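Visitor: I have the sequence and the coordinates open in front of me, and I would like to go through them with someone, one question at a time. May we begin with a single residue and then work outward to the whole chain?

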Amino acid sequence: MHNNESENSAASLKGKQGIERILAAAGNSLKGFKEAWRNEAAFREECLLLCFFFPAAFWLGENGTQIAILLMSCFIVLIVELLNTAVEVVVDRVSMERHELSGRAKDVASAAVFLSLAQVLVVWGLVAWQRFA
């Protein structure tokens, strides 16, 4: 997105209220999903995994609470992956030059993705243990 486009997008939301603002924000969110899908292999892979995990949650979970927890753990991965992508894009936008702080920002964001994936293993493992033990 060019600088003028992002400025116009931000400015266009500021003057809107109510349903018009919600619709404009939803449009921006859809653009974000499209960009993440188009440019981030990890996001595509995690979305495809969700296609497996979504129905599996209804099979594994014994009640609505367990199903919700299983699904939330998966959605957290997607959320963190989107934030990781945002950090990477902003860092690269500022400078493609190698810098200790840029590397640290990217590494910390990557660590957040790793933790989100680890919590999926813990949550799903505990629910499976409770069901089958």
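Visitor: Leaving aside its neighbours within four places in sequence, which residues is Phe 58 in contact with?

Guide: Please keep in mind that this is a predicted model. Phe 58 has its place in helix 3, and at 46% relative accessibility it counts as partly exposed, because that class runs between 20% and 50%. Once the neighbours within four places in sequence are set aside, the residues in contact with Phe 58 are Ile 67 and Leu 71.

Visitor: How far apart in space are Phe 58 and Trp 37, C-alpha to C-alpha?

Guide: Trp 37 belongs to helix 2 and is among the residues that meet helix 3, while Phe 58 lies in helix 3 itself. The two are 21 residues apart in sequence, and the distance in space between their C-alpha atoms is 26 Å.

Visitor: Are helix 2 and helix 3 roughly parallel or roughly perpendicular to each other?

Guide: The axes of helix 2 (residues 18-39) and helix 3 (residues 41-60) come within 5 Å and cross at roughly 100°. By class, their contact has seven nonpolar, one polar and two charged residues, with Phe 33 and Ala 36 among those from helix 2, and Phe 43 and Leu 48 among those from helix 3. Since angles of 65 to 115 degrees fall in one class, the crossing angle makes helix 2 and helix 3 roughly perpendicular.

Visitor: How are helix 4 and helix 5 oriented, roughly parallel or roughly antiparallel?

Guide: The axes of helix 4 and helix 5 come within 9 Å and cross at roughly 170°. The residues of this contact divide into 17 nonpolar, eight polar and four charged. An angle over 145 degrees is the criterion here, and therefore helix 4 and helix 5 are roughly antiparallel.

Visitor: Which helices do the buried residues of helix 5 pack against?

Guide: In helix 5 the buried residues include Ala 109, Val 113, Ser 116, Val 120 and Trp 124. One of them, Ser 116, is 37 residues from Ile 79 in sequence and 9.2 Å from it in space, C-alpha to C-alpha, and Ile 79 lies in helix 4. The buried residues of helix 5 pack against helix 3 and helix 4.

Visitor: How far apart are the end C-alpha atoms of helix 5?

Guide: Helix 5 covers residues 100-132, that is 33 residues, and at 1.5 Å a residue it should therefore span 48 Å. The value taken from the model agrees with this expectation, for the end C-alpha atoms of helix 5 are 47 Å apart.

Visitor: What radius of gyration does the chain have, set against a compact globule of 133 residues?

Guide: The secondary structure comes to five helices and zero strands, and the C-alpha atoms fill a box of roughly 55 × 45 × 20 Å along the principal axes. Of the 133 residues, 26% count as buried. A compact globule of 133 residues would have a radius of gyration near 14 Å, whereas the chain has 18 Å.

Note on methods
Residues numbered from 1 in each chain as written. Predicted model: local features only at pLDDT ≥ 70, side-chain atom pairs only at ≥ 80, totals over all residues. Heavy atoms only, no water. Axes fitted to C-alpha atoms, helices over the stretch in contact; angles between N-to-C directions. Helix = DSSP H or I, 4+ residues; strand = E, 2+ residues; numbered from the N terminus. Parallel < 35°, antiparallel > 145°, perpendicular 65-115°, else oblique. Contact = heavy atoms within 4.5 Å. Nonpolar A, V, L, I, M, F, W, Y, C, P; charged D, E, K, R; others polar. Expected span 1.5 Å × (residues − 1). Buried < 20%, exposed > 50% of the residue type's maximum accessible area, 1.4 Å probe, protein only. Rg over C-alpha atoms; globule rule 2.2 N^0.38 Å.
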